[in-house]
Amino acid sequence: MDSVSLDNHQEKRKIVIAGAGLVGSLCACIMGKKGHHVALYESRPDPRSEREQALAHGRSINLALSARGRAALARAGLEDVVISQAISMRGRMIHSPDGSKKAILYDPNTEQCIYSVSRQFLNEILISEAEKNPNVSVHFSHKLVDSRMDKGKLTFRKTDGNSAPTEVVVESELIIGADGAHSALRQAMLKQPMSNFSQTYIDHAYMELKIPAKKNGQHAMDTHYLHIWPRNEFMLIALPNLDGSFTVTLFMPIPIFGELQTADDVETFFTREFPDAMGLIGKEYLIKDFLSSRPSHLISVKCNPLNAGKGVLVGDAAHAMVPFYGQGMNAGFEDILILDNILDMYKNEPVEKALTRFSQSRVPNAHAICELALYNYVEMRCLVNQSAFILRRFLDYR
Ligand code: FAD
């Protein structure tokens, strides 16, 4: 068993982060810039390796980045570079069953917009930026397997593919759990008395498809919109990519996915519900993609408190939500801004006190956005067809 003790760093905290997804890697950038001594541990191999990029190829999805997320990227010094590789979406483009379209701007007065950005690009740039800092170390293929939040002690299982796994024990003053919706740190936290937790799978799932670029490399639909095909019980959405393609996501009740088993079933369904989208995806490509994919499930997680001992949860580990408000990553990024502010405010106090303050301030917001995200599914797939008035009151992606 290897044992790693982080060097003492005057007046700065020794921080261990579990999970180098979007939120964990942003956290490493921001905490590293502050001079904290940061060790970032990730269960998967380096996503920048050729092998991992090949695995991600074809299934990399894009995300809507909003003002909250941009503010956090700005603190990491990355807002401009990310926006330069993103596509602005200034509103929704609603596609009716008869093929007609209607644009609804998010904010006609100030032209505020959201941005479509590649998840893979964002994760890679965040990890690379974190690594540039000499007081940040990044460790891939290290899976969190045991935690002692009272002592600030974590055990990771290290696998390099060649030799037998080894255990690495790490000690720190602050443990940040950014290990996603099925967080191992959260599991450990729930053993503490007074830990409240709920998780809900909705009975709808999603599948990702793709509208390829036109032959000239241009987008096949209006570029600067979030495209929505609302069909009451289900919906299709599409976000633009830099290469001229759109990532298309079908959200639908699980039993309906189950009914679409053959090429005929898929063709009949899309001809009836989304004929224009089928034309853009390409019938053969659509059928092949649909029948070779499995729908993914959608989970909503609430947790209170978000801290125990020297440990705290952020991002999906703290508040995984359904994606209909486009705020999962954005809210996770905002967690890091708030945590950073609170650590500054409590810099001369025990870390436990700062984490309790973080949890108290974050839980009501996390629960609210989880609820809003659930509501916005109804809004997007259904109400958007019915009332422009309701639309204006419940604009998504704020
Ligand atoms: P994750 O991205 O899940 O990262 C967690 C990391 O921890 C992973 O790298 C994982 O490998 C690692 N890990 C897990 N277990 C361990 C362990 N035991 N030890 C070490 N490492 C571990 N959000 C938006 O803001 N805008 C959008 O438009 C948007 N669209 C979405 C569309 C879909 C279809 C879905 C499903 C989600 C969408 N989201 C969106 C939500 C967004 O993807 C998440 O909120 C975001 O990825 C959360 O980041 P995270 O770093 O907290 O968790």
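This passage walks through the overall build of a predicted model, then the packing around helix H1, then the setting of Pro295.

Starting with the whole chain, the protein carries 14 helices and 20 strands. Its radius of gyration comes out at 22 Å, close to the 21 Å that the globule rule gives for 398 residues, so the protein is as compact as a globular protein of that length. Laid along the principal axes, the C-alpha atoms fill a box of roughly 65 × 50 × 40 Å. As for burial, 43% of the 398 residues count as buried. The contacts reach a long way along the sequence: taking those between residues at least 6 apart, 71% join residues at least 24 apart.

Helix H1, residues 22-33, packs against helix H5, residues 119-132, at an angle of about 30 degrees, and their axes sit 8 Å apart. That makes the pair roughly parallel, since angles under 35 degrees count as such. The crossing of H1 and H5 is left-handed. On the H1 side, the contact involves Leu22, Ser25, Leu26, Ala28, Cys29 and Gly32, which meet Leu122, Asn123, Leu126, Ile127, Glu129 and Ala130 in H5. Sorted by character, the residues of this H1–H5 contact come out as eight nonpolar, three polar and one charged.

H1 also packs with helix H12, residues 328-345, again at an angle of about 30 degrees but with the axes 9 Å apart. Here too, the angle makes H1 roughly parallel to its partner, H12. The handedness of the H1–H12 crossing is right-handed, whereas H1 and H5 cross in a left-handed way. From H1, Leu22, Val23, Leu26, Cys27 and Ile30 take part, and H12 supplies Met329, Gly332, Phe333, Asp335, Ile336 and Asp340. The tally for the contact of H1 with H12 is eight nonpolar, one polar and two charged residues. Leu22 and Leu26 of H1 turn up in the contact with H5 and also in the contact with H12.

Moving on to a loop, Pro295 lies between helix H10 (283-292) and strand E18 (296-304). Pro295 has 19 C-beta neighbours inside 10 Å and therefore counts as partly exposed, as a buried residue needs 20 or more. Leaving out neighbours within four places in sequence, the contacts of Pro295 are with Ala205, Tyr206, Met207, Ile254 and Phe257. His204 is a further point of reference: Pro295 and His204 are 91 residues apart in sequence, yet their C-alpha atoms are 9.3 Å apart in space.

Conventions: Residues numbered from 1 in each chain as written. Predicted model: local features only at pLDDT ≥ 70, side-chain atom pairs only at ≥ 80, totals over all residues. Axes fitted to C-alpha atoms, helices over the stretch in contact; angles between N-to-C directions. Helix = DSSP H or I, 4+ residues; strand = E, 2+ residues; numbered from the N terminus. Parallel < 35°, antiparallel > 145°, perpendicular 65-115°, else oblique. Left-handed = near helix turned anticlockwise from the far one by under 90°. Contact = placed C-beta atoms within 7 Å. Nonpolar A, V, L, I, M, F, W, Y, C, P; charged D, E, K, R; others polar. Rg over C-alpha atoms; globule rule 2.2 N^0.38 Å. Buried ≥ 20, exposed ≤ 12 C-beta atoms within 10 Å, placed from the backbone.
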